[in-house]
Amino acid sequence: MNRSCPADTILDRPPVRVRLRPTMQSDLDFVLTLEQDDANLPFITPWERTQHEAAIRFPDFRHFIVEGGPQLDAVGFLILVGCRSRHLSLELKRMVIQTKRQGYGRAALHLAKKIAFDDLGAHRLWLDVKGRNTRAAALYRAEGFVQEGVLRDAVKVADGFDSLAVMSMLRPEFDARRAAALELAA
Ligand SMILES: CC(C)(COP(=O)(O)OP(=O)(O)OC[C@H]1O[C@@H](n2cnc3c(N)ncnc32)[C@H](O)[C@@H]1OP(=O)(O)O)[C@@H](O)C(=O)NCCC(=O)NCCS
């Protein structure tokens, strides 16, 4: 069962209200449409509907709808994988936000980190990001993720190959950021 996160977060700049709730079957049209959007497709590897359906059910996954704005409408989704990892190593598998540069992505990432480290007991939260995805990489860097290395030419893209940068945050790093008031309170 997915667990919802009731926490709302207010960002410093500008104030943005964001909430995560478990994705339901009825959300999958929205999720699949977002994945197929030309604004997102170059930066992700879209899944079949059945993969999302499995991710909703499978206990190792947490599939969330990002709700934001004054009406808390669906503004995106994110997926955590490895929630039962014996190594306490969780992956932020995917995050897609529909209306960009409104602060939803940063706010959702704060919540994802809080869920990973506080609720799911992660020691390590990692992700990979395509070399051409400078927007997401800038966000992850600004949010304290450390680049571990680059998988060269790891993904085939329309005009050749792109690399994947592997980035992570460890629990002591998260704790230090929280002590510096850079993360949501426990
Ligand atoms: C990456 C993504 C999730 C970020 O969400 P978002 O809501 O647009 O991000 P925010 O508005 O919270 O912006 C946060 C930071 O992201 C970075 N950023 C956002 N848009 C940017 C742009 N066009 N160029 C450079 N940096 C950008 C900045 O660091 C920004 O911080 P700032 O507001 O201080 O400038 C979103 O753009 C998206 O869905 N992209 C397509 C799918 C994708 O790439 N997913 C991640 C795969 S690893």
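These are my notebook entries on the fold, the core, one helix and the ligand shell of a predicted model.

**Entry 1, overall fold.** I began with the secondary structure, and I counted five helices and eight strands in the chain. Reading from the N terminus, I wrote down the order of the elements as β-β-α-α-β-β-β-α-β-α-β-β-α. I then looked up the radius of gyration, which is 16 Å and close to the 16 Å that the globule rule gives for 186 residues, so I noted the chain as being as compact as a globular protein of that length. For the extents, I recorded that the C-alpha trace spans about 45 × 35 × 35 Å along its principal axes. I also checked the contacts between residues at least 6 apart in sequence, and found that 56% of them join residues at least 24 apart.

**Entry 2, burial and core.** Of the 186 residues in the chain, I noted that 33% count as buried. I next turned to the largest nonpolar core, which has 42 residues, and listed Val-66, Leu-78, Leu-80, Ala-108 and Ala-112 as those with the most contacts inside it. When I asked which element gives the most to this core, I found H3, with nine residues. I followed Leu-78 further and, leaving aside residues up to four places away in sequence, I found that it touches Phe-64, Val-66, Leu-92, Arg-94, Met-95, Ala-108 and Ala-112.

**Entry 3, helix H2.** In H2, which runs over residues 49–57, I marked His-52, Ala-55 and Ile-56 as buried. Because these residues cover an arc of only 105° around the axis, I placed them on the same side of H2. On the face turned away from that buried side I found the exposed residues Thr-50, Gln-51 and Arg-57. I then looked up what covers the buried residues of H2, and the cover includes helix H1 (28–36), strand E3 (61–68) and strand E4 (73–81).

**Entry 4, shell around the ligand.** I went through the 21 residues around the ligand and noted that Phe-43, Lys-100, Gly-105, Arg-106 and Leu-139 come nearest. Sorting the shell by class, I obtained eleven nonpolar, six polar and four charged residues. Strand E5 (89–97), helix H3 (104–119) and helix H4 (134–142) each supply at least two residues of this shell. Which element gives the most to the shell around the ligand? I found that H4 does, with six residues. I closed the entry with a remark on H3, which gives the most to the largest nonpolar core and also supplies at least two residues of the shell around the ligand.

Note on methods. Residues are numbered from 1 along each chain as its sequence is written. This is a predicted model: local features need pLDDT of at least 70, side-chain atom pairs count only at pLDDT 80 or more; totals for chains, interfaces and linings use all residues. A residue is near a molecule or strand if its C-beta atom, placed from the backbone, lies within 6 Å of it. Ala, Val, Leu, Ile, Met, Phe, Trp, Tyr, Cys and Pro count as nonpolar, Asp, Glu, Lys and Arg as charged, and the others, Gly among them, as polar. The radius of gyration is taken over C-alpha atoms; the globule rule is 2.2 Å times the number of residues to the power 0.38. A residue is buried if 20 or more other C-beta atoms lie within 10 Å of its own, exposed if 12 or fewer, and partly exposed in between; C-beta atoms are placed from the backbone. Two residues are in contact if their C-beta atoms, placed from the backbone, lie within 7 Å. A nonpolar core is a set of buried Ala, Val, Leu, Ile, Met, Phe, Trp, Tyr and Cys residues joined through C-beta atoms within 7 Å. The arc is that of the directions from the helix axis to the C-beta atoms.
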